[in-house]
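Dear colleague,

I am handing over the structure we talked about, and below it you will find an account of what was found in it. Please read the account with the model open beside you.

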Number of protein chains: 2
Amino acid sequence: MKQSLGANTLAQPAPVWLIGSYDAAGRPNLATIAWGGICCSKPPCAAIALRPATYTHGNILQRKAFTINIATEAFGRQADYCGIASGRDTDKFAATGFTAVKSELVNAPYVEELPLIVECRLVQTVEVGGHTQFIGEIVDVKADSAILSDQGIPDIEKVRPMIFTPVIRTYHGVGPYLGQAFQIGKEL
Amino acid sequence: MKQSLGANTLAQPAPVWLIGSYDAAGRPNLATIAWGGICCSKPPCAAIALRPATYTHGNILQRKAFTINIATEAFGRQADYCGIASGRDTDKFAATGFTAVKSELVNAPYVEELPLIVECRLVQTVEVGGHTQFIGEIVDVKADSAILSDQGIPDIEKVRPMIFTPVIRTYHGVGPYLGQAFQIGKEL
C-alpha cells in the first residue's frame, strides 16, 4: 500500500547540468539546472527547462543556442554556485574560476574545465506552465581524453557526474556498475 | 583541448523509468525509457520521449495518461526486460511478475512492486525529430513508506534508482552523498 505524497517534482534521478549562454553584450553565463534530459535520438536532441525570470532564458532566446556542461563531483561547489547566483549581476566564470571557450559550432560558450560538454542549436521552444522548455539539436559532443573508455566513449565512472534529487535537494555521485542495458533482462 | 565525439546523445546521467499505460483493450503495458526528465515546477510536469513505433506511444495518445515507475537496483532485470520486449506481443506484467494497479487519478496502471511512482495526465504532445515528447502534469506521487526519509520525502539512498549512460548503454547505482544543493556553493 503506497502513500500519496501529492503533486510535486519527486521523480528521480535528475541531472546537474550547467547551461552555457552568451548575453546581449557577449558576456558568457552559466546556469545550473536539473530539469532536463535527452528527448530525441535522430537527430540527437536535448530538452532543458528554465523560468522566464532567469538570465539564461533571455540569452537562449536571443542567441538560439546553448551548451550543456555536465557537472562533476570535482566541481560540485562551482556547479552549485551557478544555481544560486544570477548572471544579471554576477560574472559566474570569474567567481568559479572557470574558463569560457567560445564554441565554433553554436553561439554559446562552454566550460574548459568540465570534461564533457554538449553543444546545442535551439530548434524548439515549448511553454510548459511556469517554465519554458528549450529543445536543442545536439551538433557536437566534446570530451577530455581522460574520461574516455577504450572505445572512445565517455565512461561514467571517469566523468563522475553529479545526481540531483528534487525536493530534498541533495547531490549524490555515481555508484557501482549494475549491468549492461538491453542485456540483463534477456533471460526473462 | 577537447576531442570532438560528433552529434549524438552522450549527455549523462539519464534516468531509467518504466512508463505504465493501458492499450485499447485495457491491457496494462510497461515501456522502459531513458529520454525523460522533469520539465516544470508549477504545475509539476514531466516529459518523456517515445518513438511512434512503440506500443506505449499509441496507448498514451489514446488514454491521455501515463505513469512513471522509477526503476530500482532490486528490479534491474525486470526494468531492462521492459525495454527489450514489446507490449504488442508480450504481457510484460506477466513476464516480470509485476502487479498492475489501476491508478485512481489517471487512466494508466502503475507497478505495485516499485517503490516510487508518478501519475501523469497528458497535457502536451511535442514532435521532436523521430520521437514524440509527451508532457504530463504530475497529479500525484506515491511511495512505499520504506523509502521515505524522516521528513516523509523519498530518500534516494533507500529508493536506489538506476542510472543509464547513453550510447555505451550501462546501468549504474547511486553513489555517495556529496552535499546539499543551494548550499555547498554559497562560499564562492
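In what follows, helices and strands are DSSP runs numbered from the N terminus, a helix being H or I over at least four residues and a strand being E over at least two. Please keep in mind throughout that this is a predicted model.

To begin with the single chain, chain A contains 4 helices and 13 strands, and its C-alpha atoms fill a box of roughly 55 × 45 × 35 Å when this is taken along the principal axes. For 188 residues, a compact globule would be expected to have a radius of gyration near 16 Å, and the 17 Å of chain A agrees with that. Of these 188 residues, 55% count as buried, and among the contacts in chain A between residues at least 6 apart in sequence, 61% join residues at least 24 apart.

The two chains are related by symmetry: a turn of 180°, with a shift of 0.0 Å along the axis, lays chain B on chain A with an RMSD of 0.0 Å. That is the relation of a two-fold axis, and the same surface serves both copies, since 99% of the contact residues of chain B recur in chain A. If you would like to find the axis on the screen, Gly175(B) is the residue of chain B that comes closest to it, with its C-alpha at 1.8 Å.

As for the contact between the chains, 90 residues from chain B and 89 residues from chain A take part in it. On the side of chain B that touches chain A, strand β13 (residues 170-180) of chain B gives the most, with 11 residues, and that side as a whole divides into 50 nonpolar, 29 polar and 11 charged residues. The chains are also joined by strand pairing, in that strand β1 (residues 3-6) of chain A runs antiparallel to strand β11 (residues 131-143) of chain B and is linked to that strand by 3 bridges. Within this pairing, Ser4(A) has Lys142(B) as its bridge partner in β11(B).

Some details of the backbone also deserve a look, given that most residues other than glycine have a negative phi, and most peptide bonds are trans. In chain B, the peptide bond that joins Lys42(B) and Pro43(B) is cis, with omega at about -5°, and Pro43(B) lies in the loop between β5 (36-40) and β6 (45-50) of that chain. In chain A, a cis peptide bond joins Gln12(A) and Pro13(A), again with omega at about -5°, and Pro13(A) is found in the loop between β1 and β2 (14-15).

Positive phi values were found as well. Arg169(A), although not a glycine, has a phi of about 55° and sits in the loop between β12 (163-165) and β13 (170-180) of chain A. With 13 other C-beta atoms within 10 Å, Arg169(A) is partly exposed. Phe182(B), which is not a glycine either, has a positive phi of about 60°, and its place is in the segment after β13 of chain B. Phe182(B) counts as exposed because 12 other C-beta atoms lie within 10 Å, the cut-off for exposed being 12 or fewer.

With best regards

Notes: Residues are numbered from 1 along each chain as its sequence is written. Chains are lettered from A and ligands numbered from 1 in the order in which they are written. This is a predicted model: local features need pLDDT of at least 70, side-chain atom pairs count only at pLDDT 80 or more; totals for chains, interfaces and linings use all residues. Two residues are in contact if their C-beta atoms, placed from the backbone, lie within 7 Å. Ala, Val, Leu, Ile, Met, Phe, Trp, Tyr, Cys and Pro count as nonpolar, Asp, Glu, Lys and Arg as charged, and the others, Gly among them, as polar. Two strands pair if DSSP finds at least two bridges between them. A residue is buried if 20 or more other C-beta atoms lie within 10 Å of its own, exposed if 12 or fewer, and partly exposed in between; C-beta atoms are placed from the backbone. Copies are superposed by least squares on the C-alpha atoms of residues with pLDDT of at least 70 in both. The radius of gyration is taken over C-alpha atoms; the globule rule is 2.2 Å times the number of residues to the power 0.38.
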